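Let's take a walk through a protein and look at how some of its side chains pair up. Have the sequence and the 3D view ready.

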Amino acid sequence: MPRRNLYILLLTILFSLLCAFRSSPYGRALMYALEQIHRRALESRSQKELAEAALRGMAEELDPYSAYISADELAQFDEEIDRQFGGVGIEIHVNPQTRGVIVTAALPGTPAQRAGIRPGDRLLAVDGQDIASANLDEVSRLVRGLPGSQVVLTVQSPEEPESRRVTLTREIIQGETVMGDTRNADGTWNYTLRERLEIGFVRIDTFADETDDRLREVLRQLMEKGVRGIILDLRSDPGGRLDVAVEVCDAFIRSGVIVTTQTRSGVVKERFTASGKAICPDTPLAVLINRFSASASEIVAACLQDHGRAVIVGERSFGKGTVQELLDMEPGLGRLKLTTASYRRPSGKDIHRSVNARKEDDWGVRPNPGYEVALDEKEVELQILARALRGMYRGPDSPKPVGFENVPEDFRDRHVEKALEFFDRRERGTPAS
């Protein structure tokens with residue numbers, strides 16, 4: 001069919017649907033309400049504001065993951081998806097007790113690192129604005145900005161009695177998504193455990209644009225070192241891009257189904273299979289998950305578990321197994337993030353936890369038998385702080401940064417210990433579970 005005729009057909013269908021909606025009682029009620037609110041409400045609102053509110057309300061009524069993203073929110077939304085933004089290259093942490101903002105890392109080759117900002121430095125102000133009462137998101141928004149613009153940070157190092165002002169020029173920052181166990185002095189990662197150099201340790205905190213390529217680079221390095229096992233840490237990973245999750249699975253398995261997506265009517269929308277180009281299809285693998293591991297991280301864990309490629313260690317995952325499509329609206333009217341399908345693991349089971357799901361129902365990803373390690377809230381908080389502390393570069397005699405004084409240097413990460421138990425059992429020829 002000629003392209004012009006196809007456009008005419010699509011426009012005809014769209015016009016028919018619009019007319020059908022307007023002719024229904026609900027459609028007429030919606031149009032009437034919008035018109036009356038715009039014309040007569042005491043608190044005046046523009047048609048744009050009312051339309052955005054209606055779109056937001058309709059999307060939020062569907063499920064927790066559908067959403068309307070306004071035109072003003074698009075830039076920040078795209079930044080979070082691709083982890084690329086205008087900034088200075090610092091990672092920060094807010095001490096829950098003191099509310100102080102602590103630099104946990106200055107990424108290699110970024111304006112912050114070049115200016116001498118180091119892990120443990122305290123961030124006091126941004127462009128002269130005191131941030132003592134700000135939360136993490138508010139501080140991040142202040143630090144980020146257009147590439148090429150300047151920002152003034154007021155920082156104080158633990159060994160210095162006075163604070164200093166540092167003027168930095170923002171650059172495009174590609175945020176780290178593939179991290180290791182500890183950092184070197186130059187900010188690069190060590191991808192083997194500090195206590196067990198024969199075991200690789202790779203942590204993915206979101207599935208963004210460059211995650212799969214970076215992971216393959218790291219896996220090649222580990223294969224060259226001849227590690228006898230790899231820990232893939234997906235704890236508290238909220239997910240990200242489906243195609244990147246598929247590529248991550250593809251690095252570990254030789255063949256077979258990775259994941260399928262199904263519509264509400266049960267129709268298979270997409271089926272993803274391995275390409276046969278795995279980097280390390282045989283190296284023993286343990287995957288760490290917890291109650292906050294969701295979406296793309298659940299796809300990876302479920303795939304590797306169903307193929308018998310990895311042992312799953314930790315806690316049952318969150319159960320967020322739905323597909324959101326991004327639908328661009330008219331120019332200036334933003335984007336609709338709409339849930340259109342659910343994920344099915346290679347076994348065919350649904351990952352998603354429905355609204356009425358019970359604890360005993362089969363959703364999410366469960367650890368392998370014998371590898372469940374449940375943590376209480378206090379231990380979860382301590383584990384997060386210990387991981388952040390471990391990811392900071394500190395010299396041999398460096399004191400702990402402010403806010404980390406109560407984290408023991410020999411903190412026992414019970415999830416990691418259970419994974420090491422799996423590797424040791426394999427070495428002895430003992431059944432894994």
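## Charged pairs and cysteines

At 11% relative accessibility, D413 counts as buried, because the cut-off for buried is anything under 20%. Keep in mind as you look around that this is a predicted model.

So who does D413 team up with? Its side chain meets that of R235 in a salt bridge, 3.0 Å from N to O. These two come from distant parts of the chain, 178 residues apart. D413 sits in the loop between α10 (377-390) and α11 (414-428), while R235 is in the loop between β14 (229-233) and α8 (242-250). R235 counts as buried too, at 10% relative accessibility.

Salt bridges can also share partners: D181, R194, E195, R387 and R390 are joined into one network that way.

How many salt bridges are there in total? The count comes to 33. One of them is between E91 and R183, with the closest N and O atoms 3.8 Å apart. This pair also links distant parts of the chain: E91 lies in strand β3 (residues 90-94) and R183 in strand β11 (residues 182-183), 92 residues apart. E91 is partly exposed, with a relative accessible area of 25%, whereas R183 is buried at 7%.

Now for a pair within one helix. E217 forms a salt bridge with R214, and the closest N and O atoms are 2.8 Å apart. Both belong to helix α7 (residues 211-225), and because they are three residues apart there, about one helical turn separates them. E217 is partly exposed, with a relative accessible area of 40%, and R214 is partly exposed as well, at 28%.

Here are the three pairs side by side:

| Acidic partner | Basic partner | Closest N to O |
|---|---|---|
| D413 | R235 | 3.0 Å |
| E91 | R183 | 3.8 Å |
| E217 | R214 | 2.8 Å |

Time to switch to cysteines. A disulfide is a covalent bond between the sulfur atoms of two cysteines. How many disulfides does the model have? The count is zero. Take C249: why is there no bond to C303? The C303 sulfur is the closest cysteine sulfur to that of C249, but at 3.8 Å it is too far for a bond, because the cut-off is 2.5 Å.

Is C249 buried or exposed? At 0% relative accessibility, C249 counts as buried. C280 is another buried cysteine, at 1% relative accessibility.

How values were computed
Residues numbered from 1 in each chain as written. Predicted model: local features only at pLDDT ≥ 70, side-chain atom pairs only at ≥ 80, totals over all residues. Heavy atoms only, no water. Buried < 20%, exposed > 50% of the residue type's maximum accessible area, 1.4 Å probe, protein only. Salt bridge = Lys/Arg side-chain N within 4 Å of Asp/Glu carboxyl O. Helix = DSSP H or I, 4+ residues; strand = E, 2+ residues; numbered from the N terminus.
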